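I opened the model to look up a few points before going back to the bench. My entries follow in the order I made them.

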Amino acid sequence: MILSSSSSSSATVFTISSSSSTTKTGRYIAKTPQSPFLFKRNCNPTSLPFPPSTRSAKFCRVQATVLKENEDENVVVEESFRPSTFTHDPDNSPQPSSPTELDKWVVKLEQSVNVFLTDSVVTILDALYHGRDYARFYVLETIARVPYFAFISVLHLYESFGWWRRSDYIKVHFAESWNEMHHLLIMEELGGNSWWFDRFLAQHMAFFYYIMTVLMYALSPRMAYHFSECVENHAFETYDKFIKAQGEDLRKMAAPEVAVKYYTEGDLYLFDEFQTSRAPHSRRPKIENLYDVFLNIRDDEAEHCKTMKACQTHGNLRSPHSYPEDAFEDDTGSELRQADCGGVVDCLETSVTSPPSKQKQNI
């Protein structure tokens with residue numbers, strides 16, 4: 001995944017490696033990209049989230065190396081965070097199977113529908129909010145929170161039926177909604193919600209978007225996560241264009257108080273929690289003016305996009321606080337699985353065919 005950043009703060013390079021000699025190493029390299037919009041490739045209908053990753057009972061070590069960059073240089077993340085670096089334990093998890101041609105066709109169809117829906121909404125917003133940036137951002141952030149508490153709603157339903165219990169998913173999605181809520185508070189403080197029409201449109205779009213996301217997530221979590229990835233990608237591009245066009249003016253304007261408090265004060269546990277491609281405490285923004293605020297909002301959207309991409313491989317998401325730098329040794333009891341299911345049809349089949357004695361829970 002490719003991420004553009006022009007912050008004066010340090011860019012961070014992560015090397016993530018497993019203590020097992022049989023596990024591959026993912027490395028994060030910073031360099032200057034040719035285009036800040038290349039990371040839209042992640043929403044290409046031809047990109048497939050296969051094959052599914054495997055897990056291990058051991059945690060991997062996370063080592064962070066800080067690389068100093070010039071203020072206006074961009075950052076390229078060549079390989080997004082992959083929890084699949086856990087070694088495979090054949091006793092606790094099934095062997096991954098290769099996708100069939102039908103599976104590939106279904107994924108392409110899902111992603112094509114998502115791209116079409118995203119492009120349609122973007123076209124409407126472009127027409128309605130040309131030259132009204134803060135109002136557009138208010139609408140975007142009102143909508144942006146919806147998928148995360150829609151996901152949580154379905155996950156709680158799954159827990160009630162005993163189908164799927166994954167606390168890491170709920171934690172991360174709550175942290176994502178918490179981040180988007182603060183984006184919304186910032187836009188409200190900037191006056192983005194001053195018009196009645198903008199509030200009416202944003203709130204009613206959010207209502208219908210919630211219903212659509214719940215249904216989509218219940219049927220196909222993979223499709224719902226990809227749709228959210230496309231939405232976050234659009235948000236990244238929107239903020240990136242705005243920063244490049246208005247950067248000089250933004251540097252002369254004061255930062256809203258709510259932004260200063262969220263990014264620099266208090267307990268930043270939830271701020272670290274939604275950034276699953278980073279080690280905790282590795283990103284600490286500076287907020288000196290309005291430019292810094294929008295720069296960090298843009299970078300937040302890129303982190304959301306990476307998290308949504310990781311979620312498209314079933315069972316691939318873990319909280320970044322689940323594997324600290326001083327990783328646990330032989331913590332075999334920390335990863336207990338319940339029979340996995342990836343949607344209503346799959347969960348119904350799993351609940352009928354899996355013996356209760358073999359169903360374990362991942363909490």
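**Overall.** I began with contacts in the protein that have a separation of 6 or more, and found that residues 24 or more positions apart account for 85% of them. I note here that this is a predicted model. I counted 10 helices and three strands. Reading along the sequence, I get the pattern β-β-β-α-α-α-α-α-α-α-α-α-α. Of the 363 residues in the protein, 52% are buried.

**V106.** I found V106 in helix α1, which spans residues 101–128. Is V106 buried, exposed or partly exposed? Its relative accessibility is 28%, so I entered V106 as partly exposed; the buried class requires a value under 20%. I then checked V106 against M223, which is 117 residues away along the chain. The C-alpha atoms of V106 and M223 are 9.7 Å apart.

**α2 and α6.** I looked at how helix α2 (residues 133–144) packs with helix α6 (residues 221–250). For any two packed helices, the description consists of the angle between the axes and the distance between them. For α2 and α6 I read an angle of about 150° and an axis separation of 12 Å. The two helices, α2 and α6, are therefore roughly antiparallel, since the cut-off for that label is an angle over 145 degrees. I recorded the crossing of α2 and α6 as left-handed. Which residues make the contact? On the α2 side I listed D133, Y134, R136, F137, L140 and E141. On the α6 side I listed H234, T238, Y239, F242 and L250. Sorting the residues of this contact between α2 and α6 gave me six nonpolar, two polar and three charged.

**H281.** I went to the loop between α8 (269–273) and α9, where H281 lies. The phi of H281 is near 75°, which is positive although the residue is not glycine. I noted this because most residues other than glycine have a negative phi. H281 has a relative accessible area of 59%, so I entered H281 as exposed; the cut-off for exposed is over 50%.

**Q312.** I next looked up Q312, in the loop between α9 (290–311) and α10 (344–353). Is Q312 buried or exposed? With a relative accessible area of 7%, Q312 is buried. I also checked what the Q312 side chain reaches, and found the backbone oxygen of M308 at 3.3 Å.

**Loop residues side by side.** I set down the two loop entries together: H281 is exposed, whereas Q312 is buried.

How values were computed: Residues are numbered from 1 along each chain as its sequence is written. This is a predicted model: local features need pLDDT of at least 70, side-chain atom pairs count only at pLDDT 80 or more; totals for chains, interfaces and linings use all residues. Side-chain values use heavy atoms; hydrogens and water are left out. Helices (H or I, at least four residues) and strands (E, at least two) are DSSP runs, numbered from the N terminus. Buried means under 20% relative accessible area, exposed over 50%, partly exposed in between (1.4 Å probe, protein chains only). A polar contact is a pair of N or O atoms within 3.5 Å; within protein, one must be able to donate a hydrogen and the other to accept it, and residues adjacent in sequence count only if both atoms are side-chain atoms. Axes are lines fitted to C-alpha atoms, for helices over the stretch in contact, and angles run from 0 to 180 degrees between N-to-C directions. Angles under 35 degrees count as roughly parallel, over 145 as roughly antiparallel, 65 to 115 as roughly perpendicular and the rest as oblique. A crossing is left-handed if the near helix is turned anticlockwise from the far one by less than a right angle, and right-handed if clockwise. Contact means heavy atoms within 4.5 Å. Ala, Val, Leu, Ile, Met, Phe, Trp, Tyr, Cys and Pro count as nonpolar, Asp, Glu, Lys and Arg as charged, and the others, Gly among them, as polar.
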